[in-house]
Amino acid sequence: QVQLVESGGGLVQAGGSLRLSCAASGRTFSDYAVGWFRQAPGKEREFVAGNSWNGASTYYADSVKGRFTISRDNAKNTVNLRMNSLKPEDTAVYYCAAKREYRLGYVPTSPTEYRNWGQGTQVTVAS
């Protein structure tokens with residue numbers, strides 16, 4: 001198992017930026033594909049962005065494409081989510097997740113594929 005801890009959430013005005021970070025510990029982080037998900041009140045958890053185990057492949061939800069950037073540093077066991085041009089509809093609790101995954105280029109996008117989750121960090125975008 002790998003343990004995940006998110007940080008960097010907060011309150012921002014629409015159009016602003018935030019960077020979320022996820023620190024991993026416990027296992028070899030480079031064995032894991034990683035994903036960022038979010039969940040707004042009353043809604044299901046949805047995929048935001050993901051990165052394959054070696055960082056070579058990334059995938060974004062259409063709603064964030066061009067605004068969000070995922071990056072990972074396996075040497076530091078961290079994965080970041082840079083969020084620009086934030087909108088009120090981006091308001092949610094954001095979760096980091098990891099899945100042991102060796103398939104080249106594969107980015108899991110369903111929350112049911114992930115077994116390791118952080119506790120979440122709140123992002124609120126004010127209009």
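**Exercise 1.** Find which residues Tyr94 touches, leaving out those up to four places away in sequence.

*Solution.* Start with the rule: contact means heavy atoms within 4.5 Å. By that rule, Tyr94 touches Glu6, Leu20, Trp36, Phe37, Arg38, Val48, Phe68, Leu81, Met83, Gly120, Thr121 and Val123. Before going on, note that this is a predicted model: local features need pLDDT of at least 70 and side-chain atom pairs pLDDT 80 or more, while totals for chains, interfaces and linings use all residues. Residues are numbered from 1 along each chain as its sequence is written, and side-chain values use heavy atoms, with hydrogens and water left out.

**Exercise 2.** Work out which way the side chains of strand β1 point.

*Solution.* Strands are DSSP runs of E, at least two residues long, numbered from the N terminus. In β1 (residues 3-7), Leu4 and Glu6 share one face and are buried (under 20% relative accessible area, 1.4 Å probe, protein chains only). Gln3, Val5 and Ser7 point to the other face and aren't buried. That fits a rule: in a regular strand, side chains alternate between the two faces of the sheet. Next, look across: β1 and β3 run antiparallel, joined by five bridges (DSSP must find at least two for strands to pair). Glu6 has Cys22 as its bridge partner in β3.

**Exercise 3.** Describe the surroundings of Glu46.

*Solution.* First, place Glu46: it sits in strand β5. Its relative accessible area is 35%, so it counts as partly exposed (between 20% and 50%). Then list contacts: beyond four places in sequence, Glu46 meets Trp36, Phe37 and Arg38. Finally, the side chains of Glu46 and Arg38 make a polar contact of 2.6 Å.

Key: Helix = DSSP H or I, 4+ residues; strand = E, 2+ residues; numbered from the N terminus. Polar contact = N/O pair within 3.5 Å; in protein donor to acceptor, adjacent residues only side chain to side chain.
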